[in-house]
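The following exercises concern a predicted model. Please work through each task before reading its solution.

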Amino acid sequence: MSGEGKLFIISAPSGAGKTTLEQMLLDSELDLIKSVSATTRKPRASEANNRDYIFLSKDEFAKERDEGKFLEWAEVFGNFYATPKTKVINAIEEGKNIILSIDVQGAEQVKKIFPEAILIFIKTPNFNTLKSRLEKRLTDSNEEIDRRLEVAKDELAKLDMYNYTIVNDDLDNAFYELKNVIKKCLEKEKEW
Ligand code: ADP
Ligand code: 5GP
């Protein structure tokens, strides 16, 4: 393996399909690993500790944050989320390509630390599609869905910061596009 690994950041309004697409990337032939975030959010029925998130209490989160263990952290929808620092730094140094699936506040912070990070934004073709995906997912209350939709508007206003935008309408098409973007970025590295 030559040189440093690449850092990809994927952001999306909640419900746009980021987790689904990220899993497809990890299952593909591309040489990628993922950063597992820490959160104070309660686990969903399908989620496992250390696989989907590292689930922490508010006190545990504050302790790790104060000890400098996070690359970035943010409050999203009333919960705290953070990227553990060591795995990301080690991956880059060891030439492994790593994906961070984080919100726009986190992306902004990581871009300052690693200006060469590649930022990809995933969105739905329109607002109604986003609403219906959140409803169909059956993981959030109506109140929580409204909150997520409100935040989505602010996130879309920050699109300029991103290198690529992918519209997740048909899932297979979106995956094809996303994979091609990542492939191209990885191939560029090999040319050097
Ligand atoms: P996010 O991680 O961005 O919050 P998810 O990956 O959990 O979003 O997707 C939200 C819901 O929408 C899930 O139920 C998922 O199966 C569904 N979904 C994702 N992409 C598509 C798509 N292209 N068409 C229809 N449903 C989709
Ligand atoms: P969810 O609760 O739906 O899994 O995620 C809610 C939001 O938190 C999403 O926008 C997701 O990208 C973001 N998020 C997940 N992990 C992190 C993280 O480590 N840092 C930041 N800043 N945001 C995160």
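**Exercise 1.** Determine whether S35 is buried or exposed, and locate its surroundings.

*Solution.* Step 1: the relative accessible area of S35 is 6%. Step 2: a residue counts as buried under 20% relative accessible area, so S35 is buried. Step 3: in the fold, S35 belongs to the loop between β2 (32-34) and β3 (38-39). Step 4: beyond four places in sequence, S35 touches T83, P84, V88, I98, I99 and L100.

**Exercise 2.** Classify Y162 as buried or exposed, and identify the polar contact of its side chain with the side chain of S11.

*Solution.* Step 1: Y162 lies in the loop that joins α6 (142-156) to β9 (164-167). Step 2: its relative accessibility is 8%, and Y162 is therefore buried. Step 3: apart from neighbours within four places in sequence, Y162 contacts S11, D103, V104, A107, L119, I120 and F121. Step 4: with S11, the contact includes a polar one between the two side chains, at 2.7 Å.

**Exercise 3.** Describe the site of ligand 2 and its polar pairs with side chains.

*Solution.* Step 1: the space that ligand 2 takes is the largest pocket. Step 2: 17 residues surround ligand 2, of which S37, R41, Y53, E72 and Y81 come nearest. Step 3: β5 (70-76) and β6 (79-84) each contribute at least two residues to this shell. Step 4: oxygen atoms of ligand 2 pair with N or O atoms in the side chains of S37, at 2.7 Å, and K18, at 3.3 Å. A nitrogen atom of ligand 2 is 2.8 Å from an N or O atom in the side chain of D103. Step 5: of the 520 Å² that ligand 2 exposes when taken alone, the protein buries 96%.

Conventions: Residues are numbered from 1 along each chain as its sequence is written. Chains are lettered from A and ligands numbered from 1 in the order in which they are written. This is a predicted model: local features need pLDDT of at least 70, side-chain atom pairs count only at pLDDT 80 or more; totals for chains, interfaces and linings use all residues. Side-chain values use heavy atoms; hydrogens and water are left out. Helices (H or I, at least four residues) and strands (E, at least two) are DSSP runs, numbered from the N terminus. Buried means under 20% relative accessible area, exposed over 50%, partly exposed in between (1.4 Å probe, protein chains only). Contact means heavy atoms within 4.5 Å. A polar contact is a pair of N or O atoms within 3.5 Å; within protein, one must be able to donate a hydrogen and the other to accept it, and residues adjacent in sequence count only if both atoms are side-chain atoms. A residue is near a molecule or strand if one of its heavy atoms lies within 4 Å of it. Accessible areas come from the Shrake-Rupley method with a 1.4 Å probe; for residues, only the protein chains shown count as cover. On a 1 Å grid over the protein atoms alone, a cavity is a set of points where a 1.4 Å probe fits but cannot get out, and a pocket is an open set with protein on both sides within 12 Å along at least five of seven lines; lining residues have an atom within 4 Å of a point. A molecule sits in a cavity or pocket if more than half of its atoms lie within 2 Å of its grid points.
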